[in-house]
Amino acid sequence: SRRRHTRSLCDWSSDVCSSDLDWMITDNFYVIPKNPARIRWADMARFIMGAKLGVDIFEMDETAPGELILIPRHDQEQKVQEVKADSFFNIFHVGPCYENNEKGELVVLANVFDKFRFGGEMGTEEFDPIKWSSSDTAPPPKLDKFVVDIATGTMKSRKRIPVLDQATGADIPLDMPTFHEDGAKTRYSYYAGACRPEGWFPFRSIVKVDLDFEESWNWDAGDDCVVSEPTFIPRPAT
């Protein structure tokens, strides 16, 4: 089953901390994104005294590559694999994730921020989410496909899947994936999307993505409207 609880992986000795919101389960692994971050030790005392927020004492380390952590589910003697990507990423939400046994691969679809600065998320400081999402510190999330060689624990490929509005050709930022059947290959995934010219958040559309043929369909709720996280209900077998 899918998990939606905040967890963290921290290495205090190296001043590196990684956090994630979503993680996935496949037949043989727990799959957890590891987002490079570092502690601001100079602000720790003020945080302990209540003068700083939690998001003020650490920041993303964009000089370090992101990783996918593969934790074995069944064999306690099998080593945990830390699979490095080619560059930094910040992943909050993971989409379809499955093992391709014929090729010995693990495939992960995830919503990726190429950079991210904590603080002011969704307009919490001025309650202006459009202003937050139009800044240089909050680039829109993209859809990436990671392929891992399970035997060697290495990243075979990382590809950005284009998500374009069929009517306008515009690139659609998307997040909040929902799909059918965890841990199995699925052709379609559904997302909350954004096509605002002034800023990508809050979301105002629902996007269907064909992961096999890399096609997408965008239903736009229109101006002065927002949408929440979609829920997918599969059609009954007939």
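Reader: Is phenylalanine 116 buried or exposed?

Author: In this predicted model, phenylalanine 116 has a relative accessible area of 4%. Buried means under 20%, so phenylalanine 116 is classed as buried.

Reader: How are the rings of phenylalanine 113 and phenylalanine 116 arranged?

Author: The ring centres of phenylalanine 113 and phenylalanine 116 lie 5.2 Å apart, with the planes at 75°. Planes over 60 degrees apart count as edge-to-face. The pair is therefore edge-to-face.

Reader: Which residues do ring pairs link into a cluster?

Author: A search of the whole structure finds ten aromatic pairs. Ring pairs join the following residues into a cluster: Phe92, Phe113, Phe116, Trp200, Phe201 and Phe203.

Reader: Which charged residue sits over the ring of tyrosine 30?

Author: Tyrosine 30 is partly exposed, with a relative accessible area of 28%. Its ring has a charged end over it, 5.7 Å from the ring centre. That charged end belongs to arginine 73.

Reader: Which residue stands opposite tyrosine 30 of strand S4?

Author: Strand S4 covers residues 29–34 and pairs with S3 in the antiparallel sense over two bridges. S3, an edge strand, spans 24–25. The residue opposite tyrosine 30 is isoleucine 25.

Reader: What is the order of the strands in the open sheet of four strands?

Author: The pairing in this sheet is antiparallel. Its edge strands, each pairing on one side only, are S3 and S8. The order is S3-S4-S7-S8.

Reader: Over which residues does pLDDT stay under 50?

Author: The mean pLDDT of the protein is 84. Where pLDDT is low, the predicted coordinates should not be read in detail. The stretch with pLDDT under 50 is residues 1–21.

Notes:
Residues are numbered from 1 along each chain as its sequence is written. This is a predicted model: local features need pLDDT of at least 70, side-chain atom pairs count only at pLDDT 80 or more; totals for chains, interfaces and linings use all residues. Side-chain values use heavy atoms; hydrogens and water are left out. Two strands pair if DSSP finds at least two bridges between them. pLDDT is the predictor's confidence in each residue, from 0 to 100. Contact means heavy atoms within 4.5 Å. Rings of Phe, Tyr and Trp (its six-membered ring) pair if their centres lie within 6.5 Å; planes under 30 degrees apart count as stacked, over 60 as edge-to-face and the rest as tilted. Buried means under 20% relative accessible area, exposed over 50%, partly exposed in between (1.4 Å probe, protein chains only). A charge sits over a ring if NZ of Lys or CZ of Arg is within 6 Å of the ring centre and within 35 degrees of the ring normal.
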